[in-house]
Amino acid sequence: MREKKQGLVLTLKQPHENGLLETHVTLSASEAEDLFKYGLIHSEEMNHQLSSFDLQGSLEHLGRLETERIETVLPEGLLVLDKSRYLGHTDYELEFEVSNFEQGQKDFERLLSEHDIPQRKTKNKIVRFMERKALS
């Protein structure tokens, strides 16, 4: 669940051929409370998306991940810097959001090279969170 300017939003991120497929639903305060206390989701759309995972039982709240985001629009796409804090850890991630994956990949690699920034394979911040959680 995310707290955004427009309210509380529950997001499901699923692997997709070129990145992630995201499903978003808005939550009321009482729906958010049911999610945190009991692991219950009231949205039919979200439950439909979750049905493919064959989950057993209710969801469990494992911790909090907070992200501060700075965005800047470039001619090639949207450049995003995320600062994420979770489980006593802080990390940073640079992303490039584009409409054409192949061209965006080339543009991002050029941008990194021009600024002498090494390109690293990184895991999704949720995966990083879960790996850190497993260590605790």
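Me: In which strand of this predicted model is L94 found?
Reply: L94 is found in a strand that covers residues 89-97 of the model, which is a predicted one. Read along the sequence, the chain follows the pattern β-β-β-α-α-β-β-β-α-α, and the strand that holds L94 is β6.

Me: Is L94 buried, partly exposed or exposed?
Reply: A residue counts as buried under 20% relative accessible area and as exposed over 50%, with partly exposed in between. The relative accessibility of L94 is 33%, so L94 counts as partly exposed.

Me: What accessible area do I70, L81, Y92, L94 and I117 have together?
Reply: L94 joins I70, L81, Y92 and I117 in a nonpolar patch on the surface. For the protein chain as a whole, the accessible surface comes to about 10,200 Å², of which 51% belongs to carbon and sulfur atoms. The accessible area of the five patch residues together is about 470 Å².

Me: Is E44 buried or exposed?
Reply: E44 is found in helix α2, which covers residues 44-50, and the C-alpha atoms of E44 and V25, 19 residues apart along the chain, are separated by 9.7 Å. The cut-off for the upper class is over 50% relative accessible area. Because E44 has 72% relative accessibility, it counts as exposed.

Me: How far apart do the centres of the positive and negative side chains lie?
Reply: The protein chain, with its 136 residues, has 18 positive and 25 negative side chains. Taking each set by its centre, the separation between the two is 6 Å.

Terms used:
Residues numbered from 1 in each chain as written. Predicted model: local features only at pLDDT ≥ 70, side-chain atom pairs only at ≥ 80, totals over all residues. Heavy atoms only, no water. Helix = DSSP H or I, 4+ residues; strand = E, 2+ residues; numbered from the N terminus. Buried < 20%, exposed > 50% of the residue type's maximum accessible area, 1.4 Å probe, protein only. Patch = residues over 30% accessible without salt bridge, like charges linked within 9 Å, V, L, I, M, F, W, Y side chains within 5 Å. Areas by Shrake-Rupley, 256 points an atom, 1.4 Å probe, with all protein chains shown as cover. Salt bridge = Lys/Arg side-chain N within 4 Å of Asp/Glu carboxyl O. Lys, Arg positive; Asp, Glu negative; His and termini not counted. Charge placed at Lys NZ, Arg CZ, Asp CG, Glu CD.
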